[in-house]
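Please read the following briefing alongside the sequence and the coordinates, which are displayed first. The points after them are grouped by topic.

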Amino acid sequence: MERVLEVKDLHVSFNTYAGEVKAVRGVSFHLNKGETLAIVGESGSGKSVTSKSLLRLIPHPPGKITKGEILFEGKDLAALSEKQMQSIRGADISMIFQDPMTSLNPTMTIGKQIMESVIKHQKGTKQEAKERTLELLELVGIHHPEKRFDQYPHQFSGGMRQRVVIAMAISCNPKVLIADEPTTALDVTIQAQILELLKSLQKQLGMAIIFITHDLGVVANIADRVAVMYAGKIIEVGKAHEVFYEPQHPYTWGLLGAMPDIHRQEEELVTIPGAPPHLAAPPAGDAFAARNPNAMEIDFLLEPPMFKVSDTHYAATWLLHEKARKMRGAQQRKQTAANSRKAKENETVIKKSGKGQKLLEVKGLKQYFKSDKHHVIKAIDGLSFDIYKGETFGLVGESGCGKSTTGRTLIGLYEGTAGEVLYKNESVFKKKSGAETQQLNRSIQMIFQDPYSSLNPRLTVADIIAEGMDIHGLAGSRQQRMNRVYELLETVGLHRDHANRYPHEFSGGQRQRIGIARALAVDPEFIIADEPISALDVSIQAQVINLLKKLQREKGLTYLFIAHDLAMVKYISDRIGVMYKGKIVELAESNELYCRPLHPYTQSLLSAIPMPDPRLEQSHQRMKFDEQKLLSERKQEEVRLREVKDGHWVECTEREFREYQSKLSGAV
Amino acid sequence: MTVENRELADELFEPAQEQQSAKSISRPAMTYWQDAWKRFLKNKAAFAGLMLIALIILLAVFGPYANNHGYDEQNLARANLPPKVPILEQVGWLGFDGVDNRGIDRYEASGVTDYYWFGTDNLGRDLWTRVWHGTRISLYIAFLAAAIDLLIGVAYGGISAYYGGRVDNVMQRLIEILVGIPNLIVVILLILVLKPGIMSITLAMVITGWVGMARIVRGQILKLKEQEFILASKTLGAKDKRMIWKHLIPNALGPIIITTMFTIPTAIFTEAFLSFIGLGLQPPVSSLGTLINEGYKLLGIYPHMLAFSSIVISVIMISFNLLGDGLQDALDPKMRK
């Protein structure tokens, strides 16, 4: 197969305040014509830096390509002058960035922005450029291109903007398209559309794509070949099915195991302990050794070379060395680790479904915000659900559907516009005496989304955790206070020595643990977790989820788990409510919801989740939710939540209700 | 992609005995301030600024006692003497030999045997004493003004941002009115009403000076209010007092300190300017501004009268600006690693 791009032993370093950070440490790979190579890795693994250095977009200083070659059509891009590079950027190799909100110029019309790159590289008249631009807009699926041509970026939605960015990137028929997390900032349904668009464009234009992502589901969907990066190195590379079905490197096993699979029931996620090493002082040997419970002596001493598994599949792990093969123990460990995933498929765990007493009741809750004198934003518009003691209630929805607002309203950060929230039959909103407020504050706690802004940088970890105790006067003496802090730190899997440190010394996952310890300090009964894992890497997400599950078992906590990641919600929740535009459109037990979704929105949401399974992904059909069509079908009929089956509620009209019922009875 | 098998011993492929703890944090525990101090020390210019300020403060405190001349002791017999310093008088080109710009040794001509290190002014007052006395008063006014700015600004900005809504709206309109009136007019009117002196100058500067601080604090608090740790504290049931003193003020402290550092040289300059145009301190009290005013009149004949006070004021301004810049970097959490 013809190679369009070949990278040989690339090294990139950054000179920072803390010293030289070796972000990329000897990366070699090639890209075949017309294929999609996915580079996967956690944050800080060097995947973005690698892709940016291909176009020499690394800010210099502090960044620098210290060694290596980037061969493109016989030229070494690493050695070209800035001027020569400019003619390659956009024309031969182009790039799509993560955030469509910032990658377009807000003061220029869409049409002009695309025309600019057309004119720059394909010297033609203005008229020709305009025609080409309209063609491009049509190609990336933007309707009415003539009308859209003169609009500004703020008039486009996030997904549409990403389409415009793609149109700009492909305007000169590049041979290589680098997509740096192009769908991370988008909702799942939009993500599915963009992935489809990229695939169809690739077919039409025959370009090769380097796709950078941390989401293995997306990889399974789009990639022909996969390169897994860890600590600035490629540790495994191969065809998608090779890497997904026969992973060789322990890190790849861990990464695949840490993803919950919505088709299975799992008791505990496979986790990778610890956090990635800091690249200012990369460890000797296999960088992953310190996090690998089955590491061998040699992993700590020598760096593994790339071992060949098949013609297309290579991995850098000592496990593939012939001596390691001889060691029966090592072989066995490898087997058990690889099989642990498969073994879980057979295990069917039945979740307890016995309903306890109602802990929280939400009745017709509305939360409006005034944006200015005439406009009202209806963040929550008539929300009703109950949460039972000891269960985990999942609340899912896409960005802007009001799920975070719901969490904040329930805990009393906002005073609801209308409706009622009853906690143990007491209204959360009504005026209470000081003691009652304190009691309520103690029983409902919250875990926040952003591990960086949720901890006060000026306080020690001990002071952060003990804040609730100080406010409620729970600790009698200084000694008692510290003992409780130590106990909590150990409960959430941190060390007691960490008590006197400051938040900035911890990684994202560790910070989230501190946030959990703070919530636990006041012995709450009900915890609202507002996207607690969405800012974390896959392997760290699994650690936090397992911790939450463990705490629930030990302390009998009730959770409201708010998230946009449907796979994780399915994994942790007993019941799930799907939110759309400030309302719950479907509510059911998690298995029921995933197996028999009824509302068209739920169906489209579920079908849009990319699964870490290439075979499944390639044959998968997406469903689209057409709100206009649904509304026109409904005409003026009354819409409300109706119980179609025991515990399965759908927002529907009388007619749809009968349809759903017959569907369900037919299925059973 | 081949491996050399020779030197890889079998034992190496046994499971590792010692597992390095992945959870240990290697760097020593450091508080925010220790961390900031470390970063500050790395900035040579800022550190030099700090040292110069320390030196000037020391001189301002002890300088006037270094000889026996009072700052208001007049003696026309020793008027207009150029500077003369022991030892340095040997080096002619330095200008510390008591010879004026016409080449006459004024000390000999007037029959003075004392040394006047910075020379004397047209009334025969010792300039060394007057410069350091003036620096003392200028610094005193500047620190007082900065401190009052700090108090009013932080309180005003903090209340405005923390309570928000209507309170914020009214308070911000008030600030806009204050900013709308030219500063100098307010100051001049005030000094005309009050008797010129240290207190009235300070008051004049403070009456509009706190606005900048209030705006910065308001911006900071508004930003911090949205942070999740504030929400977390609220959900734990924290009261206003705790929220303000434990969470908001400590996190806004960096910009507050920096703003104060930049307020001080501005205040010194304003005081000098007011004194220079005759609205400031009245003789015989000296300040850097009055000294410059007096020296400027005789600049052509006796340059030493202007030189020393100008050098001191320049050094103060530069040092505080360097210090402020350094603090800005040192206290910026984004610079942390």
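In this predicted model, helix H7 (residues 188-205) of chain A lies across strands S3 (36-40), S6, S7 and S8 (208-213) of chain A, and runs at about 160° to S8(A). The four strands that H7(A) crosses appear in the order S6-S7-S8-S3 within an open sheet of chain A, which continues through S9-S10-S12-S11.

**The eight-stranded sheet**
- The sheet has eight strands with mixed pairing, and its edges are formed by strand S6 (93-96) and strand S11 (307-308) of chain A, each of which has a single partner strand, so one side of each lacks a neighbour in the sheet.
- S6(A) pairs with strand S7 (residues 176-180) of chain A in the parallel sense over four bridges, and Ile96(A) has Ala179(A) in S7(A) as its bridge partner.

**Antiparallel pairing around S13**
- Strand S13 (residues 358-370) of chain A runs antiparallel to strand S14 (residues 376-388) of chain A, with 10 bridges between them, and a hairpin of five residues connects S13(A) to S14(A).
- Within this pair, Val362(A) has Phe385(A) in S14(A) as its bridge partner.
- S13(A) is also joined by five bridges to strand S16 (residues 418-423) of chain A, again in the antiparallel sense, with Glu361(A) opposite Leu422(A) in S16(A).

**Nonpolar cores**
- The largest nonpolar core holds 85 residues, of which Val226(A), Ile465(A), Ile516(A) and Phe561(A) touch the most other members; helix H19 (residues 538-555) of chain A gives the most to this core, with eight residues.
- Apart from this core lies another of 52 residues, including Ala146(B), Val187(B), Leu281(B) and Leu331(B).
- Leaving aside residues up to four places away in sequence, Phe561(A) touches a set of residues including Phe393(A), Leu395(A), Ile545(A), Leu548(A) and Val569(A).

Conventions
Residues are numbered from 1 along each chain as its sequence is written. Chains are lettered from A and ligands numbered from 1 in the order in which they are written. This is a predicted model: local features need pLDDT of at least 70, side-chain atom pairs count only at pLDDT 80 or more; totals for chains, interfaces and linings use all residues. Side-chain values use heavy atoms; hydrogens and water are left out. A nonpolar core is a set of buried Ala, Val, Leu, Ile, Met, Phe, Trp, Tyr and Cys residues joined through side-chain atoms within 4.5 Å. Buried means under 20% relative accessible area, exposed over 50%, partly exposed in between (1.4 Å probe, protein chains only). Helices (H or I, at least four residues) and strands (E, at least two) are DSSP runs, numbered from the N terminus. Contact means heavy atoms within 4.5 Å. Two strands pair if DSSP finds at least two bridges between them. Axes are lines fitted to C-alpha atoms, for helices over the stretch in contact, and angles run from 0 to 180 degrees between N-to-C directions.
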